[in-house]
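Thanks for coming. I will go through one chain today, mostly its packing, and I will keep to what can be computed from the coordinates.

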Amino acid sequence: MEVRVKIIVTALCHTDVYFWEAKGQTPVFPRIFGHEAAGIVESVGEGVTELKPGDHVLPVFTGECKECRHCKSEESNMCDLLRINTDRGVMLHDGKSRFSINGKPIYHFVGTSTFSEYSVIHVGCLAKINPAAPMDKVCILSCGVSTGLGATLNVAKPPRGSTVAIFGLGAVGLSAAEGARIAGASRIIGVDLNPKRFDEAKKFGVTEFVNPKDHHKPVQEVLAEMTDGGVDRSVECTGSINAMISAFECVHDGWGVAVLVGVPNKDDAFKTHPMNFLNEKTLKGTFFGNYKPRTDLPNVVEMYMRKELELEKFITHEVGLSDINKAFDYMLKGESLRCIIRMDG
């Protein structure tokens, strides 16, 4: 069930940086990072029937076996077999790595390891896409952009003309804003502690901005005053527990829906008054924008091909593989949304 993929282009996501820094999780080294990419199938192993050499694919950090209860459910994308596992550095089939140096293993990262000219990936973690799609654009759909986009389109589902608040204007938050733009929201309010992000966010349809530091009251109260009682939808993309609580409490009673995307710290606890629920506010969470990788990502690529979804504005830098450290520098300095890394450079 394994596929060898020639990686054509990859991108740097903050998750790569987080695990490279090895803060707060199990360090598994030496390791090949990378999980946002596009490539071409070079060869297939035993049991692989859905892909053949020459197919264009997006590797994805979480999979879709198509056999488990989650995969057979229309309501879930959390595959029992191939759900993201950040600690596992080996292949499922035999518990061994497909990378080595001087006879010693180099470990895989979230089943993809795309900072390599070739990678071996489980077939369930590969989405077959339109070969006409430009790989240097659609590669960013295999993680952050789809996560934010799907959080809005698939989970929050804002009606046309509604008001949407986006907490956190990084790449995932801007993807959520792009989803709100596509859905036809009339007001998209960006909430961020960094005012430098506000100009960039206008390209993604954000119409108004709130910096919580500019106010002496909780940001949920500020938003309620701006919107006659609360926003229709909110999407939280920071991982800050306080932002999560604010995102829930700022939605309108009766119909407001808040969606949590950001990953909290392990010791965080979500605290709000139960009356918020009794007043018919809804709180939801999402994983990878509720997209099933193999089933749904090809359709997201087609959204781009039909010019409904704009990807170019997410790509701020481009380097060759030999300059990959520059991509890390750009992200650590907060200068890049997405840096594309070309394997032929």
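Are Phe 19 and Phe 109 buried or exposed? Keep in mind that this is a predicted model. Phe 19 is buried, and Phe 109 is buried as well. Their ring centres sit 5.5 Å apart with the planes at 55°, so this pair counts as tilted. Phe 19 belongs to helix H1, residues 14–21, while Phe 109 is in the loop between strand E5 (104–106) and strand E6 (118–122), so the pair ties together parts that are 90 residues apart in sequence. These two rings also belong to an aromatic cluster, formed by Tyr 18, Phe 19, Phe 29, Phe 33 and Phe 109.

The count of aromatic pairs comes to 13. Phe 19 with Phe 109 was one; Phe 115 with Phe 328 is another, with centres 6.4 Å apart and planes at 70°, so that pair is edge-to-face, the cut-off being over 60 degrees. Phe 115 is again in the loop between E5 and E6, and Phe 328 is in helix H11, residues 324–332, so to speak a link between distant parts of the chain, 213 residues apart. Phe 115 and Phe 328 are both buried.

Next, the nonpolar cores. Which residues have the most contacts inside the largest one? They are Leu 58, Val 138, Leu 141 and Leu 311, in a core of 70 residues. Take Leu 141 from that list. Setting aside neighbours within four places in sequence, Leu 141 is in contact with Leu 58, Ser 146, Phe 288, Leu 297, Val 300, Val 301, Leu 309 and Leu 311. There is also a second, separate core of 18 residues, and among its members are Ile 7, Cys 68, Cys 79 and Cys 125.

Now a residue with some exposure. Ile 40 is in strand E2, residues 36–44. Its relative accessibility is 25%, and buried means under 20%, so Ile 40 counts as partly exposed. Not counting residues up to four places away in sequence, Ile 40 touches Arg 4, Val 5, Lys 6, Ile 8, Gly 54, Asp 55, His 56 and Met 135. For a sense of scale, Ile 40 and Thr 286 are 29 Å apart, C-alpha to C-alpha, and 246 residues apart in sequence.

On to the annotation. An unreviewed UniProt entry places "domain: Alcohol dehydrogenase-like C-terminal" at residues 171–303. Over that range the chain is 38% helix and 15% strand, with the end C-alpha atoms 18 Å apart.

Helix H5 covers residues 171–183. From first C-alpha to last, its 13 residues reach 18 Å, close to the 18 Å expected at 1.5 Å a residue. H5 is mostly covered, with 10 of its 13 residues buried. Those buried include Ala 171, Gly 173, Leu 174 and Glu 178. The buried residues of H5 pack against helix H4 (144–156), E8, strand E9 (187–191), helix H6 (197–201), E11 and strand E15 (338–342). After H5 comes Gly 184, which has a positive phi, near 90°.

What covers the buried residues of helix H8? The list includes strand E8 (163–167), helix H7 (219–226), strand E11 (233–236), strand E12 (257–260), helix H9 (275–278) and strand E13 (282–285). H8 runs over residues 241–249, and 7 of its 9 residues are buried. Among them are Ile 241, Met 244, Ile 245 and Phe 248.

That is where I will stop.

Methods. Residues are numbered from 1 along each chain as its sequence is written. This is a predicted model: local features need pLDDT of at least 70, side-chain atom pairs count only at pLDDT 80 or more; totals for chains, interfaces and linings use all residues. Side-chain values use heavy atoms; hydrogens and water are left out. Rings of Phe, Tyr and Trp (its six-membered ring) pair if their centres lie within 6.5 Å; planes under 30 degrees apart count as stacked, over 60 as edge-to-face and the rest as tilted. Helices (H or I, at least four residues) and strands (E, at least two) are DSSP runs, numbered from the N terminus. Buried means under 20% relative accessible area, exposed over 50%, partly exposed in between (1.4 Å probe, protein chains only). Contact means heavy atoms within 4.5 Å. A nonpolar core is a set of buried Ala, Val, Leu, Ile, Met, Phe, Trp, Tyr and Cys residues joined through side-chain atoms within 4.5 Å. UniProt positions are given in the numbering used here, feature names are shortened, and annotations may be inferred rather than shown by experiment. The expected span of a helix is 1.5 Å times one less than its number of residues.
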